[in-house]
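Student: Hey, got a minute to walk through a fold with me? I've got the file open and would like to go strand by strand.
Tutor: Sure, pull it up.

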Amino acid sequence: MKIFNGTMQKFGAPDTVICQFQYWSVLLRPAQLTLGALVLIAHEPVQSFSALSSASFTELKIVTGKIDVTLRKAFQYDKLNYLMLMMVDPDVHFHVIPRYAQAREFAGKTFFDAGWPGVPDFSKINGTNPDINQLIIKHLISNWG
C-alpha cells in the first residue's frame, strides 16, 4: 500500500514509514522528542477525528495495540502518550510519545525525556540524523507487534 497524504509527506514518508494498515500508517517522527517517537496518521481525507469511518476506528484499536507492544519491547518505555494536536497539519494524526523516567541509550546516543514527569516538551528535541533515524526504524520493524 502506498498512501502518502500531505501530513505523511511532511513527516518524511516514504522514508519514515514503519507500517501501513488499511486506514492508518505508523511513521517515525523525524524530530525525536523522545526515543521512538512516532506519528500515527489516518489515510482518510478528513480533518476531524469524528469524521473518520467506523472501520477506521475499529482498525485504530489494532494499530495502537501493535504500537504499544512494539515500543515496550524495543525501548521499555515508562508511559505512552498519544497527542492529537492537529494545529498545523490538517490530516487526522496523533503524535505517539514514549515517555521515560530515565535517559535511554541507542546507537551510541543518549536520549532524554525533557518533560518527564510532566507534559512532553516539544521545544527540546533529541538531535538525530537520517542514519540514526533509519536505525530506530529498523529496530522498531524488527520488534513490530
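Student: Let's start in the middle. Is E3 enclosed or open to the outside?
Tutor: E3 is largely enclosed by the rest of the structure, because five of its five residues are buried. Keep in mind that this is a predicted model.

Student: OK, and which way do the side chains of E3 point?
Tutor: Leu38, Leu40 and Ala42 point one way, while Val39 and Ile41 point the other way, and all are buried. That fits the usual pattern: in a regular strand the side chains alternate between the two faces of the sheet.

Student: Which strands make up the sheet, and in what order?
Tutor: It's an open sheet of five strands, ordered E1-E2-E3-E5-E4, with antiparallel pairing. E1 and E4 (79-83) are at the edges with a single partner strand each, so one side of each has no neighbour in the sheet.

Student: How much does the sheet twist?
Tutor: The twist averages 20° from one strand to the next.

Student: Back to E3 for a sec. How many bridges tie E2 to it?
Tutor: Five bridges join E2 to E3, and the two run antiparallel. If you want a register check, Trp24 has Ala42 in E3 as its bridge partner.

Student: And E3 with E5, how many there?
Tutor: Four bridges, again in the antiparallel sense. Leu40 stands opposite Phe94 in E5.

Student: Now out to the edges. How is E4 paired with E5?
Tutor: E4 and E5 (residues 93-99) pair antiparallel over five bridges. Asn81 stands opposite Ile97 in E5.

Student: What about the other edge, what joins E1 to E2?
Tutor: A hairpin does, through three residues. E1 and E2 are paired antiparallel over three bridges, and the bridge partner of Gln20 in E2 is Ser25.

Student: Switching to helices. What end-to-end span should H3 have?
Tutor: H3 covers residues 130-142, and at 1.5 Å a residue its 13 residues should span 18 Å. The end C-alpha atoms are 18 Å apart, which agrees.

Student: Which residues of H3 are buried?
Tutor: Ile132, Asn133, Ile136, Ile137 and Leu140. They cover an arc of only 140° around the axis, which means they sit on the same side of H3.

Student: And which exposed residues are on the face turned away from that buried side?
Tutor: That face of H3 carries Asp131, Lys138 and Ser142.

Student: What covers the buried residues of H3?
Tutor: The cover includes strands E1 (17-20), E2 (24-28) and E3 (38-42), helix H2 (54-75), and strands E6 (104-106) and E7 (109-111).

Student: Anything at the start of H3? What does the Asn129 side chain reach?
Tutor: A side-chain oxygen of Asn129 comes to within 2.9 Å of the backbone nitrogen of Asp131.

Student: Last topic, Ser50. Where is it?
Tutor: Ser50 is in the loop between E3 and H2.

Student: Buried or exposed?
Tutor: Ser50 is exposed: its relative accessible area is 66%, and the cut-off for exposed is over 50%.

Student: What does its side chain contact?
Tutor: The side chains of Ser50 and Ser48 are joined by a polar contact of 3.1 Å.

Student: And how many Å separate Ser50 from Asp131?
Tutor: Their C-alpha atoms are separated by 37 Å, and the two residues are 81 residues apart along the chain.

Technical notes: Residues numbered from 1 in each chain as written. Predicted model: local features only at pLDDT ≥ 70, side-chain atom pairs only at ≥ 80, totals over all residues. Heavy atoms only, no water. Expected span 1.5 Å × (residues − 1). Buried < 20%, exposed > 50% of the residue type's maximum accessible area, 1.4 Å probe, protein only. Arc of directions from axis to C-beta. Contact = heavy atoms within 4.5 Å. Polar contact = N/O pair within 3.5 Å; in protein donor to acceptor, adjacent residues only side chain to side chain. Pairing = 2+ DSSP bridges. Axes fitted to C-alpha atoms, helices over the stretch in contact; angles between N-to-C directions.
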